[in-house]
Amino acid sequence: MSNEFIPNPEEGKRVYDLDRAHVFHSWSAQGAIKPLAVAGAQGSYLWDYDGKQYLDFSSQLVNTNIGHQHPKVIKAIQDQAAKLITIAPQHANDVRGVAAKKLADLAPDGFNHVFFTNGGADAIENAVRMARIHTRRHKILSFYRSYHGNTGTAIAMTGDPRRWPNEFAYGVIHFFGPYPYRSQFWSNSPEQETERALNHLESVIKFEGPATIAAICIETIVGTPGILVPTPGYLEGLRKICDKYGILWIADEVMAGFGRAGEWFAFNQAKARPDLIVFAKGSNSGYIPAGGVIIDQPIYDTFVDKVFPGGLTYSGHPLAAASIVATLDVMKEEKIVENAREIGKNIIGPALNKMKEKHSSIGDVRGMGVFWAIDLVKDKKTKEEIVPYNASGKDAAPMAELGAECKKLGLMPFINMNRLHVVPPCNISESDAKKGLEILDQAFAVTDKYASA
Ligand SMILES: Cc1ncc(COP(=O)(O)O)c(C=O)c1O
C-alpha cells in the first residue's frame, strides 16, 4: 500500500453508493453485486478504503501484465498527453508508427502492418472482416470453450454461455479443441488427444464445406474458459489443415500473449505461424484501452488496391500508442516475459502440483508462465465439477465461498465456474508469488469440505 494512503471508510462508502446509484456493470444482475471500492493499486497489490490490501492474483481481467501503476508507462502517457493527446487515424503520427513497428517486430517475419482498435473484441471483428474479404468465404470456426469478446461476431464466436443470449451474427461454427483432462475424444494421452482433436476438426471442415470457411480463430491458449494449453503438435496440425483447405488461422492472443504464457506470443511454443494475430490486454497492460490486428503480408496485399471497409475514430490513439511503446520497452528492459516463464516453471507449477496431491477438491492443475488453472472437483475419480457448468446462486456456493475466503486472507482471485485461475502480473516477485500460493493452499480447505476424501 502506498505510504501516503490513509484509510477513509466514509469515502469508501461514498464511492460505493455513487457506483450503485449510477454505474451499470458488465455481465451482472445489477441488484446482485457488491463491487469492491478500490482506493488505489501499486505493483501486484490493490487496496480498499478501509486500508485492506489484496495481492492481485487476477491481474484484474488478466490484463495488468506489468502490474499496477508502472511509473515509466504512466510517465510516457503523461508526456504524450502534453505533446499530442489525440489525432485522427487518417494522419501519420510518430508514436503510432513506432508502436506498430514494435508490435510487428515481435511477430514472425512477414507481419509488417498493424490495424489498431480500442480493445480485443473489435480487433477480432476486424480480423474476421479481413479474413472474409481475403478468402472471399464467410464461415468462421472457433472453439467450444472460448471467449472472443462482447461484440456482434466476437460474441457469436465465443464458446461459453455468454454467447447464448447474444447469438445474432451468422456464419460461425464451433468445434472442440484439445483438453486432455476432460477429453471429448476419450483419449488416453496428449498425443492421442492431438490426433483425435485434429481429426475432429478436419471432419467439421469437410461437413461444413471447406470452400465456405474463411478462418479458424482460436485462443492460442484458451483463457477464461479453462486455461487449455494446446497439446503437442496441435497448432502445427491446425496450420497444415488450414493450408490444405485454403483457410486462414487467426490467433487470438488477447489474453495469452504479451508475457502471460512466458512467451511474447503463446503460439511461439509451436513451430507454426498464424495469418493474423489479434492482441489487446497485455500489449499495454490495459493502461489505456487498446487492441489490434498484426497482419501477415499476403493479407495486407489484398488491401493494397482494394479498400479495407473498416475504421474507428480512436484507431491508433496516441495515448494508447505511447502506452504500448512504453510497455513493450519496460517488458524488455525488466525481462518481464522471462520472469513470467521462470515463476511458472520454478514456483507456480511445482506449488500447484503439490496442492493437487494434498487437496481432495483439486482435480487438475495446468498452465504455463503466469497462466494457470486449478480445476475443482467433487470427486477426483469421476472428475465431477465442484459446481455444475454455468451454475449460479446456491448451486455455485462452493466457488463463492472460496472467493470470499481468498479475499478474507488478502488475495484477489480470478474465478470462473469450477476453476480458480492463478494469473498474477507477469512481473510478480518470487516472494509475492509464494505468499499468494500459501494463501490459496489455506483457502482450498473451503472447497475440500465439498469433495470426497
Ligand atoms: C481471448 C480473448 N479475446 C478477446 C477478448 C475481448 O477483449 P476486450 O474485452 O478487450 O474486448 C478477451 C477478453 O477477455 C479475451 O480474453
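This is a short dialogue on reading the ligand site, a pocket, an aromatic pair and two backbone angles in a predicted model.

Student: What should I know before I start?

Tutor: Residues are numbered from 1 along each chain as its sequence is written, and side-chain values use heavy atoms, without hydrogens or water. As this is a predicted model, local features need pLDDT of at least 70 and side-chain atom pairs count only at pLDDT 80 or more, while totals for chains, interfaces and linings use all residues.

Student: Which residues surround the ligand?

Tutor: A residue is near a molecule if one of its heavy atoms lies within 4 Å of it. Here the ligand is surrounded by Gly119, Gly120, Ala121, Tyr147, His148, Gly149, Glu219, Asp252, Val254, Met255 and Lys281.

Student: Where are ligand nitrogen or oxygen atoms paired with the protein?

Tutor: Look for polar contacts, meaning pairs of N or O atoms within 3.5 Å. The side chain of Asp252 puts an N or O atom 2.7 Å from a ligand nitrogen. On the backbone side, an N or O atom of Ala121 is 2.8 Å from a ligand oxygen, and a polar atom of Tyr147 is 3.4 Å from a ligand nitrogen. The protein buries 79% of the 390 Å² that the ligand exposes when taken alone; such areas come from the Shrake-Rupley method with a 1.4 Å probe.

Student: How do I read the second largest pocket?

Tutor: Rolling a probe the size of a water molecule over the atoms shows where empty space is left. On a 1 Å grid over the protein atoms alone, with a 1.4 Å probe, a pocket is an open set of points with protein on both sides within 12 Å along at least five of seven lines, and lining residues have an atom within 4 Å of a point. This one has about 470 Å³ of space and 19 lining residues, with His113, Val114, Phe115, Ile295 and Tyr300 nearest its centre. Strand E4 gives the most to that lining, with five residues.

Student: And the aromatic pairs?

Tutor: A pair of aromatic rings is described by the distance of the centres and the angle of the planes. Rings of Phe, Tyr and Trp (its six-membered ring) pair with centres within 6.5 Å; planes under 30 degrees apart are stacked, over 60 edge-to-face, and the rest tilted. The structure holds twelve such pairs. In one of them, the centres of Phe143 and Tyr234 are 6.3 Å apart and the planes at 40 degrees, so the pair is tilted.

Student: What is phi near for Trp27 and Arg145?

Tutor: Phi is near 50 degrees for Trp27, a positive value in a residue other than glycine. For Arg145, also not a glycine, phi is near 65 degrees.

Technical notes: Polar contact = N/O pair within 3.5 Å; in protein donor to acceptor, adjacent residues only side chain to side chain. Points joined across faces, edges and corners; volume = space filled by probe spheres on them. Helix = DSSP H or I, 4+ residues; strand = E, 2+ residues; numbered from the N terminus.
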